[in-house]
Amino acid sequence: MRWLRCAAVITSVGLTACAADDRKADTPARTERNAQPRTDTTVDLLGAGATFPYPLYARWFNQFAADSGVRINYLSVGSGGGIDRLLADTVDFAASDVPMRDEESARVVGGRVLHVPMVLGAVALTYHLDSLTRPLRLSGELIADIFAGHIG
């Protein structure tokens, strides 16, 4: 039942992964939680992961809490940190830049992971070179080499 509530809430506000949590309400709080004793009507969620979407998530979660009473605490610790916490079963959901690998998903408590794409970001190249007298034009191949680390 807790997994179903988690999936419904996460789908409503949008995150990347939600793991099963089949524990009963009387199970001791997870190590990273600072939660009050639960009742059947209390829903608090803890998530962790990617830093890029954090400003958007913070806004969504604040509005969602105001509208629904469901509080979501998100730790912006990086994609790997979110996956690590999900695998350690210390969070209800994680956000990552890429979906979890099948072998990672299989290690999640309860064995169920729902990947939900939430945000899209763009990467833009910028430059400031006083010596240029005209715009710098980079080919796609050159940009790919820069991002691949072949040009530093």
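This report covers two paired strands, the helix between them, and the helix that comes next.

The model is predicted: local features need pLDDT of at least 70, side-chain atom pairs count only at pLDDT 80 or more, and totals for chains, interfaces and linings use all residues. Residues are numbered from 1 along each chain as its sequence is written, and side-chain values use heavy atoms, leaving out hydrogens and water.

Helices (H or I, at least four residues) and strands (E, at least two) are DSSP runs, numbered from the N terminus. Strands 2 (residues 44-49) and 3 (residues 71-76) run parallel and pair over 6 bridges; pairing requires at least two bridges found by DSSP. Opposite Ala 48 stands Leu 75 of strand 3.

Helix 2 (residues 54-68) joins strand 2 and strand 3 in a right-handed β-α-β unit. Right-handed means a clockwise path from the first strand over the helix to the second, with the strands pointing away from the viewer.

Ser 68 belongs to helix 2. Ser 68 is partly exposed because its relative accessibility is 38%; buried is under 20%, exposed over 50%, partly exposed in between (1.4 Å probe, protein chains only). Val 43 is 25 residues from Ser 68 in sequence, with 9.8 Å between their C-alpha atoms. The Ser 68 side chain has these distances to backbone atoms:

| Backbone atom | Distance from Ser 68 side chain |
|---|---|
| Phe 64 oxygen | 2.6 Å |
| Val 70 nitrogen | 3.1 Å |

Helix 3 (residues 79-87) has buried residues, including Ile 83, Leu 86 and Leu 87. Asp 89 follows helix 3 with a positive phi, near 60°.

How values were computed. A polar contact is a pair of N or O atoms within 3.5 Å; within protein, one must be able to donate a hydrogen and the other to accept it, and residues adjacent in sequence count only if both atoms are side-chain atoms.
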